[in-house]
Amino acid sequence: MQYHISTGLIIKHFEENNGCPLCDIEKIVEANICRELLADGCMDDDVRSEVNEKGFCLKHFEQLYEMPSKLGLALQTTTRMNTLFKKCLTQPTSVRMAKRQSKELNEQAQTCIVCDYTEKEMVKYYKTIAQLYANEEEFRKLLLNSEGFCLKHYSKLLNYCEYAGFSAKKYLECLYDVEAKRLNKSVELLKAFANRHDYRNLGKPLGEATTALPRIKNDLFGKK
């Protein structure tokens, strides 16, 4: 069996069982991509060309800015700005031209090379997890006993379920069972949190319900 990517990182984060393992893996992938963009990526014509065309979203610009190579970011951003000037930052001379530039600027604001590279790498993890389920008994146990996933990564795993081959149906059952358990607990904690704020329950300790809102935030949007 040829897996799509090294399984070490997958096993490590499933074993840690600290919320959505794919959120943790994605952070590592993003950081590696950002480091590469500010190192050899500055000298790679193909990468520079992609940066010119796609640029960075706010999240990843800030992540790049926190890294040591401010020069690398300045170089990458300079060429990106040159592209924007050529495409949609010329003097508009008519209403039609202004609207066209507005549309182009909005489209340009939606692109990010780090987002694209990250998604491309993460697809390999989604495929490999399905393959691991199909071929590794120990991993099936890990998945079954895991804490589940944020909704984003759950949806991605569903989308690549065919890579579990003949085990796809069982894989989907396992994914659903794990996710339903996670989300049902989150909803119960939300209910408990709300109930503790009923005047009849004033003074009662919140207990685990104190985690209700941070937990549901992670469910809905992933770990930040």
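1. Is Glu119 buried, partly exposed or exposed? With a relative accessibility of 26%, Glu119 counts as partly exposed. Keep in mind that this is a predicted model.

2. Glu119 has a partner: Lys156, with the closest N and O atoms of this salt bridge 3.1 Å apart. Glu119 sits in helix α7 (residues 113–135) and Lys156 in helix α9, so the salt bridge ties together parts that are 37 residues apart in sequence. Lys156 is partly exposed too, at 24% relative accessibility.

3. There are 16 salt bridges in the structure. Another one brings the side chains of Lys152 and Glu26 together at 2.8 Å, N to O. That pair links distant parts of the chain, with Lys152 in helix α9 (residues 151–159), Glu26 in helix α2, and the two positions 126 residues apart. Glu26 is buried at 10% relative accessible area, while Lys152, at 36%, is partly exposed.

4. Have a look at Arg182 and Asp219 as well: their closest N and O atoms are 2.6 Å apart in a salt bridge. Arg182 belongs to helix α10 (residues 168–196) and Asp219 to helix α11 (residues 212–221). Arg182 is buried at 8%, and Asp219 is buried at 1%. Elsewhere, Glu50, Lys54 and Asp116 are joined into one network by salt bridges that share partners.

5. On the surface, Glu36, Asp40, Asp44, Asp45 and Asp46 form a negative patch. Asp46 is part of helix α3 (residues 45–54) and counts as exposed because its relative accessibility is 61%.

6. One backbone detail: Asn17, in the loop between α1 and α2, has a positive phi, near 50°. Most residues other than glycine have a negative phi.

Technical notes: Residues numbered from 1 in each chain as written. Predicted model: local features only at pLDDT ≥ 70, side-chain atom pairs only at ≥ 80, totals over all residues. Heavy atoms only, no water. Patch = residues over 30% accessible without salt bridge, like charges linked within 9 Å, V, L, I, M, F, W, Y side chains within 5 Å. Areas by Shrake-Rupley, 256 points an atom, 1.4 Å probe, with all protein chains shown as cover. Salt bridge = Lys/Arg side-chain N within 4 Å of Asp/Glu carboxyl O. Lys, Arg positive; Asp, Glu negative; His and termini not counted. Charge placed at Lys NZ, Arg CZ, Asp CG, Glu CD. Helix = DSSP H or I, 4+ residues; strand = E, 2+ residues; numbered from the N terminus. Buried < 20%, exposed > 50% of the residue type's maximum accessible area, 1.4 Å probe, protein only.
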